[in-house]
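The report below goes through a structure under a few short headings, from confidence to contacts to local detail. Please keep the sequence and the coordinates at hand while reading.

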Amino acid sequence: MQTSQIAAPQDLIATHDIPPARRSAGKWLITLATLALAAIVLYQGLYAAGQTETGFANWRPVLYAYLAWGVALGWGQVLMRGEGGKRALFVLPAILFTVAVVIFPTVAGLYIAFTDWNLASFDGRSFNGLANFWALMHDSYFWNALRNMGYYVLAVLVQYAIAFGLALLLNAEIRARKFFRVAFLMPFMLSPVAVGWMVGKSLMEYRFGPAATLARHLGWENPAFFASPWIARFSIMAMDAWVWIPFVMILLLAGLQALPKEILEAAKVDGANGWRSFWQIIFPLMLPVSITAIIIRIIFQLKLADIVITVTSGGPGGSTDTVSSFIFREYRDRSNVGYGTMVAEFYFILIALFVALLLWGSSRWMKRVTG
Amino acid sequence: MASTMKAQSGMATRPYTYREPQSELASNTKRIAGKVAIYTLLILWTFIALFPIYWTITTSFKVAVDVTQGHMIPWVDYTPDWRGWRSIGLSPDTIFSTSTVREEFMKRFLNSAIMAIGASLLAVILGSLAAYGLVRFDYKFAIWRNRDISFFFLSQLILPPVVLAMPFLVLYKELALLDTRIGLIVVYTLMVLPIVIWIMRDQFRGIPVELEQAALVDGCSTWGAFMRIVLPISLPGMVAAFILSVVLCWNEYFFAALLTSTNANTLPVMVASQTGSQGINWWSMAALSTAAIAPLAIVGIFLERYIVKGLTAGAVK
């Protein structure tokens, strides 16, 4: 691994000989652009608030103004700081983009969360303080969905175990490895919505689905995959695992292939059998990759929605509901924007804390294990 | 070939241990049993991974009676029929006649393709530039340093779509971007940008600084060195990031369902809307699903190398 963070070229290029005229030109450019943007925002803002008569039909001119401001900002940087400005140009577009696209919606979202806003009612938006929050605290459907998320996150460990097994298989001395790798990766390429139909609605269909037929042959008389809470939950987990196991497997396989060969050979010579050499050598060496894979996978799992929405819509009785699918129904079927957004913001805070805790805990644990 | 080489070298490493002929035989048997077990498991999982796809493709050529009787193998226990494909206007006899379903399908297919490719391109451009800057230079924006900027980008990965969905709906209404392709492209770019930055950071770290320093000595500017030296070297990484982004955008459902209605609808929305209706025709649903997954299945077969590269970037140190 290279630690080439800081390039040396600072010494190669003089950054201090920028004429003062150019420097002040840059300063003026940025100031003027900022003023122009502020003026347009104010102009349209007053019109939208009903204070003035004239304005644009929508806010799109403000978007163009923001883009122009971004260009002016970058140009001004180059004028003012020369080489340093040119370097800033690398990272500036992405920052401006992300800030515009994340910060505004987050702030707007916080506002919406504290309003009583149902698209289906005629009253429109009205501020209602913490009412949504108290409603959320007493909403058993939400807490039920949150508990389900706990189950779904635990299912990641099962996915990890299966994926590890598959990665070991692919790492063994086999022929046609490329074929098996492509075949194993395939489910990951498919859209969860299509998987919802292919597997959930067709393969597992009660009357004619092959999975149901197979289950009947195996002695399950009434193979209804989505009728009782736990079976439905397991069916959703199975579909989710089918889609995501390849992802974990690929990460673990890369980890296995990066293991130092000498250590494995040494283990063989020592006469360690497969099981022991796995637990004593391979598994500990694979811990860093495993932790990475599991954490990334959990982060994705917290967004689980598509399969649940298309296959069960959270049923039966909310037993397969995820928080995302719950909010989706809140928006889609009940048009309850204010409340749905409150749930979303609350959930976001919860998972941000959870992921932070997870990262902190795993890094501490790794330090202790690896010493 | 490789396996026999490995076996020989494995034998060569332990010539010192004396083995009874019987134990040689026993270990041979054991090895063969191990091989059989490995291949059995491999084939079993191949079946699990591919059967739903096989089932979907074959069902698109079935008629009602084949579905209800659980026929599985075309030409053996049922005769393939174009009914499913006819219903979406893609069978040989309807492909040249007008079909509203096909037009709808093609529109959404095109939407999906344009959005996935557009968003991925935008994300790869923005993300590569940012990743390069973060790897090579030291930034200081107010109190923000490289670590903070990187964390800011990567933390977007945690953001669940539900948090952004409604604010985006409000924002896009004001900006007149609802139900437009550009609107969804922006959302998708945001969605894949952290992943692209993650991959490209790893990619740029692997390039020795000396190359750029040489270019700078030769009179290139910072951007010139990036364009002429770094870009060509890091192209495989960019392709990997691009393809992974395309996969994620093509399959996205949540935003597409909430932010589009008639103009900018994508394929997953079409598939989902068909699934919801009662008494679905299996054959047409199967044909629709097949058509929706086909592009990515082909990508998966031919560009698997890049997907693996993209997925594993930065995970293995």
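## Helical spans in the annotation

Helices, as the word is used here, are DSSP runs of H or I with at least four residues, and strands are runs of E with at least two, both numbered from the N terminus. On that basis, residues 230-256 of chain A are 100% helix and 0% strand, with 35 Å between the end C-alpha atoms. Residues 277-300 of chain A are likewise given as 100% helix and 0% strand, and here the end C-alpha atoms lie 32 Å apart.

Both spans appear in the UniProt record for chain A, an unreviewed entry, which annotates as "transmembrane region" residues 28-50, 62-80, 89-114, 149-170, 182-200, 230-256, 277-300 and 337-360. Such annotations may be inferred rather than shown by experiment.

## Confidence of the model

The structure is a predicted model, and its confidence should be considered before any local feature is interpreted. For chain A the mean pLDDT is 85, and 93% of the residues reach 70 or more. Within chain A, confidence is highest in helix 5 (residues 140-171), at a mean of 94, and lowest in helix 10 (residues 261-269), at a mean of 75.

Over residues 1-14 of chain A, pLDDT stays under 50, and for this stretch the model has 19 contacts beyond four places in sequence. Where pLDDT is low, the predicted coordinates should not be read in detail.

## Domains within each chain

The domain assignment splits chain A into domain 1 (14-113) and domain 2 (134-370), and the C-alpha centres of these two domains of chain A are 42 Å apart. Their contact takes four residues from domain 1 of chain A and five residues from domain 2 of chain A. On the side of domain 1 of chain A that touches domain 2 of chain A, three residues are nonpolar, one is polar and none is charged.

Chain B, in turn, is divided into domain 1 (20-87) and domain 2 (100-312), whose centres, taken over C-alpha atoms, are separated by 34 Å. Eleven residues of domain 1 of chain B are in contact with nine residues of domain 2 of chain B. On the domain 1 side of this contact, helix 2 (21-59) and helix 4 (83-87) of chain B each supply at least two residues, and helix 4 of chain B gives the most, with four residues. By class, that side of domain 1 of chain B comprises four nonpolar, five polar and two charged residues.

## The contact between the chains

Between the two chains, 89 residues of chain A are in contact with 91 residues of chain B. Helix 3 (residues 83-113) of chain A gives the most to the side of chain A that touches chain B, with 16 residues. The residues on that side of chain A divide into 61 nonpolar, 16 polar and twelve charged.

## Burial and the nonpolar core

Chain B has 14 helices and two strands, and buried residues make up 44% of its 317 residues. Of the contacts in chain B with a separation of 6 or more, 73% are between residues 24 or more positions apart. In chain A, helix 7 (residues 192-203) is mostly covered, with twelve of its twelve residues buried; among them are Trp197(A), Met198(A) and Lys201(A).

The largest nonpolar core has 178 residues, of which Val248(A), Met249(A), Leu252(A), Ala130(B), Ala165(B), Val196(B) and Leu259(B) touch the most other members. Apart from residues up to four places away in sequence, Val248(A) touches Gln159(A), Tyr160(A), Ala163(A), Ala293(A) and Arg297(A).

## Two residues with positive phi

Ser335(A) is not a glycine, yet has a positive phi of about 50°. Ser335(A) is placed in the loop between helix 13 (323-332) and helix 14 (337-370) of chain A, and counts as partly exposed because it has 13 C-beta neighbours inside 10 Å, where 12 or fewer would make a residue exposed and 20 or more would make a residue buried.

In chain B, Ala176(B) has a phi near 55°, again a positive value in a residue other than glycine. Ala176(B) is found in the loop between helix 7 (161-175) and helix 8 (181-205) of chain B, and with 15 other C-beta atoms within 10 Å, Ala176(B) is partly exposed.

Note on methods. Residues numbered from 1 in each chain as written. Chains lettered and ligands numbered in written order. Predicted model: local features only at pLDDT ≥ 70, side-chain atom pairs only at ≥ 80, totals over all residues. Contact = placed C-beta atoms within 7 Å. Nonpolar A, V, L, I, M, F, W, Y, C, P; charged D, E, K, R; others polar. Domains from an automatic or database assignment. pLDDT = per-residue confidence, 0-100. Core = buried A, V, L, I, M, F, W, Y, C linked by C-beta atoms within 7 Å.
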